[in-house]
Amino acid sequence: MRPRTTLFQVALALTAFTFLVAYGWSPKSRIVLPQDKGPEKVDVADYPQELQDAYKTFRRVCSRCHTLARPINTTMRPDYWARYVGIMVDKSPEPISAQDALQITQFLIYDQQIRKDKDPAALFPPLTEEDLQKLRDQAQGSAPKS
Ligand code: HEC
């Protein structure tokens with residue numbers, strides 16, 4: 001006999017969910033990084049058609065949890081981009097298809113080489129996990145700086 005979902009179980013699940021939301025559990029970003037304040041668009045008019053399509057996928061998928069300015073103004077080595085997209089795929093509760101991930105990686109690597117590498121000083125290196133944790137602690141409102 002299969003166990004039936006009781007009203008009690010439903011109520012329990014709802015309560016747990018409410019608590020998770022109330023305590024700020026979310027895969028979304030709740031902090032502002034320096035690179036979030038830069039431009040949110042790339043002029044891709046001169047990019048090959050394939051990469052213009054990839055740019056659309058990037059805009060659709062990578063804007064779910066934070067501003068697009070974040071990846072657009074971060075510089076990384078190409079192999080790091082490939083790894084980083086993997087990390088974002090893992091973080092996402094909404095599945096990101098392998099095909100989308102591949103397109104996005106191709107876009108980020110091309111854009112890195114054609115645009116970002118020309119003027120890296122205008123952009124931002126990725127923050128370390130330690131830096132990110134500091135920003136998260138500040139966002140929690142612990143010990144305001146005087
Ligand atoms: C499920 C939510 C989610 C999605 C989808 C997502 N991100 Fe993120 N991203 C985060 C979180 C969370 C952080 C970590 C910092 C923070 O807590 O805000 C982050 C950080 C970053 C950073 C900053 C890294 C650093 O250390 O400075 C970059 C760049 C980035 N994401 C790029 C992307 C790209 C490219 C995509 C699309 C493939 C993407 N993100 C999709 C949640 C997401």
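A residue counts as near a molecule here if its C-beta atom, placed from the backbone, lies within 6 Å of it. The model in these close-ups is predicted.

**View 1. The ligand and the residues around it.** By that cut-off the ligand has 21 residues surrounding it. Ser29, Cys62, Cys65, Met88 and Pro126 are the closest. Sorted by class, the shell around the ligand comes out as 13 nonpolar, 4 polar and 4 charged residues.

**View 2. Helices that feed the ligand shell.** Two helices to look for here are helix 3 (69-72) and helix 4 (78-91), each supplying at least two residues of the shell around the ligand. Helix 4 gives the most, putting in 3 residues.

**View 3. Helix 4 meets helix 5.** Here helix 4 turns up again, now with helix 5 (residues 98-114): their axes come within 9 Å and cross at roughly 145 degrees. The crossing is right-handed. On the helix 4 side, the contact is made by Pro78, Trp81, Ala82, Val85 and Val89. Helix 5 answers with Ala101, Ile104, Thr105, Leu108, Ile109 and Gln112. Split by class, the residues of this contact are 9 nonpolar and 2 polar, with no charged ones. As a reminder for reading this view, an α-helix has 3.6 residues a turn, so residues three or four places apart point the same way.

**View 4. Helix 6 and the glycine after it.** Helix 6 (residues 129-139) lies largely in the open, because the number buried among its 11 residues is 0. Follow the chain past helix 6 and you get to Gly141, whose phi is positive, near 85 degrees.

How values were computed: Residues are numbered from 1 along each chain as its sequence is written. This is a predicted model: local features need pLDDT of at least 70, side-chain atom pairs count only at pLDDT 80 or more; totals for chains, interfaces and linings use all residues. Helices (H or I, at least four residues) and strands (E, at least two) are DSSP runs, numbered from the N terminus. Ala, Val, Leu, Ile, Met, Phe, Trp, Tyr, Cys and Pro count as nonpolar, Asp, Glu, Lys and Arg as charged, and the others, Gly among them, as polar. A residue is buried if 20 or more other C-beta atoms lie within 10 Å of its own, exposed if 12 or fewer, and partly exposed in between; C-beta atoms are placed from the backbone. Axes are lines fitted to C-alpha atoms, for helices over the stretch in contact, and angles run from 0 to 180 degrees between N-to-C directions. A crossing is left-handed if the near helix is turned anticlockwise from the far one by less than a right angle, and right-handed if clockwise. Two residues are in contact if their C-beta atoms, placed from the backbone, lie within 7 Å.
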